[in-house]
Amino acid sequence: MAKIISALLLMLSVCVTLQARVINLSGETNGDYLDITLWEDDGITAGYALLPEPRLVVGHWETYPGDIGNYYGINITMYETDGKALGTYLFHLREAADGTLSFEDGELTYIDPYAGTGTMQFKDISCQVNEETPGEGPLQPATKEDLSEIYEYILPEERGGFFEMMVESDGSVIFDTLDRPAGDGVASAANDADRPGRLVGNVMEYERVNSCNDTLRATFFRDFVVVETLQVSGPKHDCFPINAVFIKKSYSE
């Protein structure tokens, strides 16, 4: 039965136009079964990879104009519940003249040294769009009750980062963050002593976060926060940006 289901999934080589912005990528390649469901909103994408138990995946969804239709690049990282990154997925989808989408290519790059190293190429993956959103998924905006005092991601070789925060009774935010991605420099940011941040809905934007006058944006979701440096253009801009996903830590961890 499992082989029949896999075969049927692989026959779905083209999917309909993105409407609900919820897609499922599935199929069998190199003896491994892939099943990822993604939700997308304003360039941020998150979902679950079944291995077979669900793992949170979070990243970015970029759109590029093509000769006929758009070209989509999906770059997501898979995390353990404690924020440990296990691997990164990179997918490309192509839009046809009639607006349908098809799988172009994809690969998995392992991060966890215990799972092995190197990359796995995906072929013949099916793409199916859900016209009706199956639940809200992980892109639910965080409520006040969802917020945590610390968010973190963990990479091998003592790389990774954290976002710590404390929300005062008047809604002001005291925060401190550090981003140490693999192969890049280190970026850090914190609010000035006399100038806290402020959370509006599930977003905090803090202007003049560094000497380059950049703005730090933190978008909080139920289980993670996306932190980005909105850089100000200029010939002497030499401030290292933060562009990271931090996973919510529970008090028991």
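The legends below describe close-up views of two pockets in a predicted model.

**View 1. The largest pocket and the residues around its centre.** In this predicted model, the largest pocket has a volume of about 460 Å³. Its lining is made up of 22 residues, and those closest to the centre of the pocket are T77, Y79, N243, A244 and V245.

**View 2. Strands that line the largest pocket.** At least two lining residues come from each of β5 (54-65), β6 (70-79), β7 (85-95), β11 (150-155) and β19 (243-248). Among the contributors to this lining, β6 gives the most, namely 4 residues. Sorted by class, the residues lining the largest pocket comprise 14 that are nonpolar, 6 that are polar and 2 that are charged.

**View 3. The second largest pocket and the residues around its centre.** The second largest pocket holds about 270 Å³ of space. A set of 17 residues lines this pocket, and L51, M78, Y89, L108 and Y110 are the ones that lie nearest its centre.

**View 4. Strands that line the second largest pocket.** Here β3 (32-41), β7, β8 (101-110) and β9 (119-122) each contribute at least two residues to the lining, and β3 gives the most, with 3 residues. The lining of the second largest pocket consists, by class, of 12 nonpolar, 1 polar and 4 charged residues.

**View 5. Strand β7 beside the two pockets.** Strand β7 (85-95) supplies at least two residues of the lining of the largest pocket, and β7 likewise supplies at least two residues of the lining of the second largest pocket.

Notes
Residues are numbered from 1 along each chain as its sequence is written. This is a predicted model: local features need pLDDT of at least 70, side-chain atom pairs count only at pLDDT 80 or more; totals for chains, interfaces and linings use all residues. Side-chain values use heavy atoms; hydrogens and water are left out. On a 1 Å grid over the protein atoms alone, a cavity is a set of points where a 1.4 Å probe fits but cannot get out, and a pocket is an open set with protein on both sides within 12 Å along at least five of seven lines; lining residues have an atom within 4 Å of a point. Grid points are joined across faces, edges and corners, and a volume is the space filled by probe spheres set on the points. Ala, Val, Leu, Ile, Met, Phe, Trp, Tyr, Cys and Pro count as nonpolar, Asp, Glu, Lys and Arg as charged, and the others, Gly among them, as polar.
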